[in-house]
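Reader: I have a model open and would like to go through some of its features with you. Could we begin with a residue inside a helix and move on from there?

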Amino acid sequence: MAKINDYIEANKQRFLDELFELLRIPSVSADPKYKDDVFRTADSVKASLVAAGADKAEICQTAGYPIVYAEKIIDAKLPTVLIYGHYDVQPADPLELWTSGPFEPVIKDGKIYARGSCDDKGQMFMHVKAFEYMMKTNSLPCNVKFMIEGEEEIGSNNLGIFVQNNKEKLKADVILVSDTGIIANDIPSITVGLRGLAYVEVEVTGPNRDLHSGLYGGAVPNPINILCEMIAKLKDDNKHITIPGFYDDVEVLSAEERAEMAKAPFSLDEYKKALDLKDVIGEEGYTTNERNSIRPTLDVNGIWGGYQGEGAKTVIASKAYAKISMRLVPYQNSDKTFKQFEKYFLSLAPSSVTVKVTPHHGGEAAVTPSNSIAYKAASRAMETTFGKKPIPVRSGGSIPIVAMFKTELGLDTVLLGFGLDSDAIHSPNEHYGVFNYLKGIETIPYFFQYYAEGSK
Ligand code: BES
Ligand code: MN
Ligand code: MN
């Protein structure tokens, strides 16, 4: 398949131009202001799949944003690969920190800067272009289905329903996803684990209106002070989460598994330097890489209340709020965690305030096999294109639908991602290396070839 490199060389500019078209549409699923743009993005993804050679492509409406489904069935007897990705993106704020417009893609220092360049438009589109190559050269060795959704960044609720209702349509042998990363451009890796998520919002109410902090201060409950005290009680001095029962079901890795994990190249100094951190913190008894992958965590993602404008305003707010995420690991359950959190958080509230806990989206952790035909095909494909065998690693991020693929469709997923932790996904100045984009397009056809050979 040496021809893939020639094909990339000959079509490189067009591959970039077409991705740029997609990146220009602000498909922010979280913000209703972009509703029309999100719908437009689905149409654009569908058109690109048709142009690449899909014989069936459709926009599947849901209660939210549509799912783009497409397929190319060459022979019912051959195995089928189901490709999953998402065309929605995170909000671009804070806008003032971007060095160029989030929806005006540009290449700087060999990297494509735009919201969604890596997560996940750039990575999803690699599959469209790899498929185009296999169609053009008549080298598609098995059947392929595409399912590209527009609500990943807001929890994939409608995709969950779609999967449950379309089991026949989605029949496949394996799921292939590029929505994760590699350790470095010269250290390929394949993600074999994702964390789950339980995301809650809390509201603390004190007095029925904002009060003068001199006239009332010291004598009435201040919801912001109280919220801070309650949050502080969620972890002990060893950064262990104090919610009763929280760790009950947590997967315990063996010493061998942890030793294996520790072999992955990692420099704490470089890690700190990349983030301008004086030091790292985390749960006692675990390394940085364990803390951000195999251990559950609890983090405040946002906190607000009171006066935030210019200058000083002497006021005790009536209400205080926080958004809190808990990342979960295998065998924990997000619904159970929601309940444990709510019960404990309410128990921490002094009788002077009212506390409300609202669950947002949740999802379960996933571990994907590293000895399957599909994993081996992905590993061989990366070894072919990077010249090095990829290392299996567990990631701290979440793609909740992966656990559902297993429970609902009985299918394992291969997480063949090409991003870097430094790509600033969800942050200002998100970018994706041109190297990574093209490397993905180069690697995917090898995956198909090796997977079809391995399945014979
Ligand atoms: N692609 C990311 C998840 C990811 C990134 C996993 C890098 C591993 C490595 C995905 O789009 C994402 O951001 N997921 C959300 C969860 C979702 C329910 C909002 C997350 O992890 O915060
Ligand atoms: Mn993603
Ligand atoms: Mn994301």
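Reader: Where is Phe-15 placed?

Author: In this predicted model, Phe-15 sits in helix 1.

Reader: Is Phe-15 buried or exposed?

Author: Phe-15 is buried, its relative accessible area being 0%.

Reader: What is Phe-15 in contact with, leaving aside its neighbours within four places in sequence?

Author: With those neighbours left aside, the contacts of Phe-15 are Tyr-7, Ile-8, Phe-125, Lys-129, Glu-132, Tyr-437, Leu-438 and Ile-441. Lys-129 is 114 residues from Phe-15 along the chain, yet their C-alpha atoms are separated by 7.3 Å.

Reader: Which residues touch the most other members of the largest nonpolar core?

Author: Those are Val-81, Tyr-87, Tyr-437, Phe-447 and Phe-448, in a core of 70 residues. Helix 12, residues 434-455, supplies the largest share of this core, with ten residues. As a general rule, nonpolar side chains in soluble globular proteins tend to be buried together.

Reader: And what does Phe-448 touch, not counting residues up to four places away in sequence?

Author: On that basis, Phe-448 touches Val-81, Ile-83, Met-134, Leu-140, Pro-141, Cys-142, Val-144 and Leu-176. There is also a second, separate core of 29 residues, which includes Leu-227, Ile-241, Phe-246 and Met-326.

Reader: Let us turn to helix 2. Which of its residues are buried?

Author: In helix 2, the buried residues are Asp-37, Val-38, Thr-41, Ala-42, Val-45, Ser-48, Leu-49 and Ala-52. They lie on the same side of helix 2, because the arc they cover around the axis is only 150°. On the other side of helix 2, Asp-36 and Ala-51 are exposed.

Reader: What covers the buried residues of helix 2?

Author: The cover includes helix 1 (3-23), strand 1 (56-60), strand 2 (67-72), helix 3 (121-136) and strand 6.

Reader: How does the span of helix 2 agree with 1.5 Å a residue?

Author: Helix 2 has 18 residues, 35-52, and should span 26 Å at that rise; its end C-alpha atoms are 26 Å apart, so the two values agree. Gly-53 follows helix 2 and has a positive phi, near 125°.

Reader: Now the metals. What are the protein donors of the manganese ion (ligand 2)?

Author: The manganese ion (ligand 2) has as protein donors His-86 through NE2, Asp-119 through OD, and Asp-179 through OD twice, lying 2.0 to 2.4 Å from the ion. Six donor atoms surround this manganese ion (ligand 2) at angles of 56 to 166°, so the arrangement is irregular. The donor residues of ligand 2 follow the spacing H-x32-D-x59-D in sequence. His-86 lies in strand 3 (residues 80-86) and Asp-119 in the loop between strand 5 (111-113) and helix 3, so this pair ties together parts 33 residues apart in sequence.

Reader: Are His-86 and Asp-119 buried or exposed?

Author: His-86 counts as buried at 0% relative accessibility, and Asp-119 counts as buried at 7%.

Reader: What does Asp-119 bridge?

Author: Asp-119 bridges the manganese ion (ligand 3) and the manganese ion (ligand 2), which lie 3.6 Å apart. Asp-119 is also joined to Asp-120 by a cis peptide bond, with omega about -5°.

Reader: And which protein donors does the manganese ion (ligand 3) have?

Author: The protein donors of ligand 3 are Asp-119 (OD), Glu-153 (OE, listed twice) and His-426 (NE2), lying 2.1 to 2.6 Å from the manganese ion. The six donor atoms around ligand 3 subtend angles of 55 to 154°, so this arrangement is irregular. Glu-153 lies in the loop between strand 6 (143-149) and helix 4 (157-165), and His-426 in the loop between strand 17 (413-415) and strand 18 (431-433), so the pair ties together parts 273 residues apart in sequence. Glu-153 is buried at a relative accessible area of 13%, whereas His-426 is partly exposed at 39%.

Reader: One last topic, the backbone. What is the phi of Ala-424?

Author: Ala-424 is not a glycine, yet its phi is positive, about 60°. Ala-424 is found in the loop between strand 17 and strand 18 and counts as buried at 18% relative accessibility. Lys-239, also not a glycine, has a positive phi of about 60° and is partly exposed, with a relative accessible area of 34%.

Methods:
Residues are numbered from 1 along each chain as its sequence is written. Chains are lettered from A and ligands numbered from 1 in the order in which they are written. This is a predicted model: local features need pLDDT of at least 70, side-chain atom pairs count only at pLDDT 80 or more; totals for chains, interfaces and linings use all residues. Side-chain values use heavy atoms; hydrogens and water are left out. Donors are N, O and S atoms within 2.8 Å of the metal (3.2 Å for Na, K and Ca); water is not among the atoms, so sites may look incomplete. Four donors count as tetrahedral if all angles lie between 85 and 135 degrees; four count as square planar and six as octahedral if opposite donors are over 155 degrees apart and all others between 65 and 115; anything else is irregular. Helices (H or I, at least four residues) and strands (E, at least two) are DSSP runs, numbered from the N terminus. Buried means under 20% relative accessible area, exposed over 50%, partly exposed in between (1.4 Å probe, protein chains only). The expected span of a helix is 1.5 Å times one less than its number of residues. The arc is that of the directions from the helix axis to the C-beta atoms. Contact means heavy atoms within 4.5 Å. A nonpolar core is a set of buried Ala, Val, Leu, Ile, Met, Phe, Trp, Tyr and Cys residues joined through side-chain atoms within 4.5 Å.
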